[in-house]
Every structure is written in C-alpha cells, then in structure tokens.
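Student: I have a new model open on my screen and would like to walk through it with you. Could we take it one question at a time?

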Amino acid sequence: MAFEYRGSMENPKPKIDQVKAISGKAEARFSSGIAETQGVAIARPAKARNVGGTRYTAAEIHEIFRRFSVQRPEPKGELEHVNPFTLLVAVVLSAQATDAGVNKATRALFRVADTPEKMLALGEAKVGDYIRTIGLWRNKAKNVIALSEALIDRYDSVVPDDRDELVKLPGVGRKTANVVLSMAFGQSTMAVDTHIFRIGNRLGLAPGKTPEEVEARLMKVVPSEYLYHAHHWLILHGRYVCKARKPDCPACVIADICKAAEKTSEIPAPLVPLPPQVIDLG
C-alpha cells in the first residue's frame, strides 16, 4: 500500500520573521550574549574579562605562574650570604651592581666579618678595600658601617623582620627590605628591581610608573599559592629570558600568553624543569 506525503516541502528551518513573531520581539538579541530561537533563550558563554589594570584574565595570570612553578620549582636569590646580616649587607651592596660582582667581593669580606660587631670592628676603610670592585663602593662602605652600628645600638645586633624597621637602617630602601623579608624570614613580598619593573610594564601584567605601583599591583594579581616565589620567578625570567635589549622569546614558556608588543614568537618553549640554579662566581 502506498502512502502519499501531504506535508509541505518548504525548508523546515523557521523563517526569521517566524522567530520574531514567536519570540514577540522585533529582532533576535545577540548583544547581551543571549540568542532567541523559537522563544527559547540560549545562553552563550561571556568573554572573560581582564583583571583590573592588567592585559590578562585571572586564568591567564594563574597559568603564567603555574608554568614558572614547573620551570623553576624552587627559585633562589643569587646573592651569597650566610645569615640575615650578611644577606642585608649583600643586598645593600647590590644596588647598581650585578649579583656576580657582589658575590666576588663579599666572599672574602664575609669570611672575616659575618656579624655587625665584626663589621664595625673592621672599619670603613677596610670594608672599602674588600668592596672596591663594586660601583659606588665608598658610599656603600659608609652605609655598611652605619647599618652595623645601628643594628648593635637599636636592635641588639639582630636584623629586624619588619619592613618599617628595616627601612630605618642606613642604605636600606623598600626593595632591599622586601628581599630580606622574603629570603631571611620567609615572608611573601614583591621586591621590584629593574627586571620586575620592566616585565610588569612590558607584558602589561602590572603596569606602573613607579616601583611602588608595580609592587602594589603584583601583590594584588598574583595568585596566593604562587606569591612567595613570584618575585624570584619574575627576576630570573627578566634576567635570562625577557631581557631588556632583546627578549629571548623562543626560550619563553609563556610566549603564547604574553601580550608584550615586542614579542617575536607565539610558540612557548617546552615546559620542563630547568637544571638547579648555579650561582655565577664571577
């Protein structure tokens, strides 16, 4: 027995005017991220917004630091020291100098003076002899003797673990205090040096006109689980990969996420742990 098809041969897809009529609206709405089809609202995922003041979404920032954590699970500062006092002295000496240059000078100095009392007894002239290869060595020698004296007189020869107290010491600024608080006392700080200042602005991760502005923004946007090591990751990334004159983008593990205008590659370097850090002995 044959069956006769009596239905319409028109395109089964509803005409746009039918959709309009059913929905009771003059036109389909898409601008709000909701599509109207035959009276049924279909939600479309909204585009993730950038974290305030940055060029990145929260997910992108998290991924940046996750990759850094894989690449360098235990990053370390590269200034040699044997206790909080020698760390403080080394950081004071590192202003406008390389870590390798400071290490070369302080290795002999710290063998004979690793406490405030021994440093004060050595005297400004002798300290100057040890650090003569470091830039601004005369002024730095004065600061080392002055801060040693201040530690003895005001803090019982103990380096304070408070930023407000540290910055009262001769030659100690906010960046130096943050380094000491992080490396000597395990506090989560953001010591903004030239590398971090450059990266914060170049990548648009933490734009700011001053180190303090960059520091404040990074402290807000870096995920809490990565904050303790974040300043070392950023310093090392700036020192060895995202260099000032010519960024080494092919060696960058965040090349696909990076939004720097200067970048030359969209392909990230393989995400593998790097060999343990070796301090450059100069």
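Tutor: Happy to. Let us start with a definition: helices here are DSSP runs of H or I with at least four residues, and they are numbered from the N terminus. Please keep in mind that this is a predicted model. With that numbering, Cys 252 can be placed in the segment after H12.

Student: How many helices and strands does the chain have?

Tutor: Reading from the N terminus, the elements run α-β-β-α-α-α-α-α-α-α-α-α-α-α. Each α stands for a helix and each β for a strand, and the tally for the chain is 12 helices and 2 strands.

Student: What percentage of the residues in the chain is buried?

Tutor: A residue is called buried when its relative accessible area is under 20%. The chain has 282 residues, and the buried part of them comes to 41%.

Student: Which residues does the UniProt annotation "binding site" cover?

Tutor: The annotation comes from an unreviewed UniProt entry, and the residues it lists are Cys 242, Cys 249, Cys 252 and Cys 258. They span 17 residues in sequence, yet no two of their C-alpha atoms are more than 10.7 Å apart, so they gather at one spot. The lining of the largest cavity also includes these residues: Cys 242, Cys 249, Cys 252 and Cys 258.

Student: What is the volume of that largest cavity?

Tutor: A search of the whole structure turns up 2 cavities of 30 Å³ or more. The largest cavity is lined by 16 residues, and Pro 247 is among those nearest its centre, together with Cys 242, Cys 249, Cys 252 and Cys 258. The space in the largest cavity is about 120 Å³.

Student: Is Cys 242 buried or exposed?

Tutor: Cys 242 sits in the segment after H12. Beyond residues up to four places away in sequence, Cys 242 touches Arg 198, Ile 199, Arg 202, Leu 203, His 237 and Pro 247. Its relative accessible area is 8%, so Cys 242 counts as buried.

Student: And which residues is Cys 252 in contact with, leaving aside its neighbours within four places in sequence?

Tutor: Cys 252 has a relative accessibility of 8% and therefore counts as buried. Once its neighbours within four places in sequence are set aside, the contacts of Cys 252 are His 237, Val 241, Ile 267, Pro 268 and Ala 269.

Student: Let us turn to the largest pocket. Which helix supplies the largest share of its lining?

Tutor: The largest pocket has a volume of about 560 Å³. Its lining holds 28 residues, with Ser 94, Ala 97, Asp 99, Asp 193 and Arg 239 nearest the centre. Helix H4 (99-112), helix H9 (174-185), helix H10 (194-202) and H12 each give at least two residues to the lining. The largest share, 6 residues, belongs to H12.

Student: Which residues does His 195 contact, apart from its neighbours within four places in sequence?

Tutor: His 195 is part of helix H10. With a relative accessible area of 17%, His 195 is buried. Leaving out neighbours within four places in sequence, its contacts are Ile 235, Gly 238 and Arg 239.

Student: The side chain of Tyr 228 reaches which backbone oxygen?

Tutor: Tyr 228 lies in helix H12 (residues 227-240), and its relative accessibility of 32% makes it partly exposed. Tyr 228 and Ser 188 are 40 residues apart in sequence, but their C-alpha atoms are 4.4 Å apart in space. Apart from neighbours within four places in sequence, Tyr 228 contacts Ser 182, Gly 186, Gln 187 and Ser 188. At 3.3 Å, the backbone oxygen that its side chain reaches is that of Ser 182.

Student: Where does Gln 96 lie?

Tutor: Phi of Gln 96 is near 55°, a positive value in a residue other than glycine. With a relative accessible area of 74%, Gln 96 is exposed. Its place is the loop between helix H3 (84-93) and H4.

Student: What is the phi of Asp 156?

Tutor: Asp 156 lies in the loop between helix H7 (137-155) and helix H8 (163-166). Asp 156 is exposed, with a relative accessible area of 66%. Although Asp 156 is not a glycine, its phi is positive, at about 55°.

Key: Residues numbered from 1 in each chain as written. Predicted model: local features only at pLDDT ≥ 70, side-chain atom pairs only at ≥ 80, totals over all residues. Heavy atoms only, no water. Buried < 20%, exposed > 50% of the residue type's maximum accessible area, 1.4 Å probe, protein only. Contact = heavy atoms within 4.5 Å. Polar contact = N/O pair within 3.5 Å; in protein donor to acceptor, adjacent residues only side chain to side chain. UniProt positions renumbered as here; feature names shortened; annotations may be inferred. 1 Å grid on protein atoms, 1.4 Å probe; cavity = no way out; pocket = protein on both sides within 12 Å on 5 of 7 lines; lining within 4 Å. Points joined across faces, edges and corners; volume = space filled by probe spheres on them.
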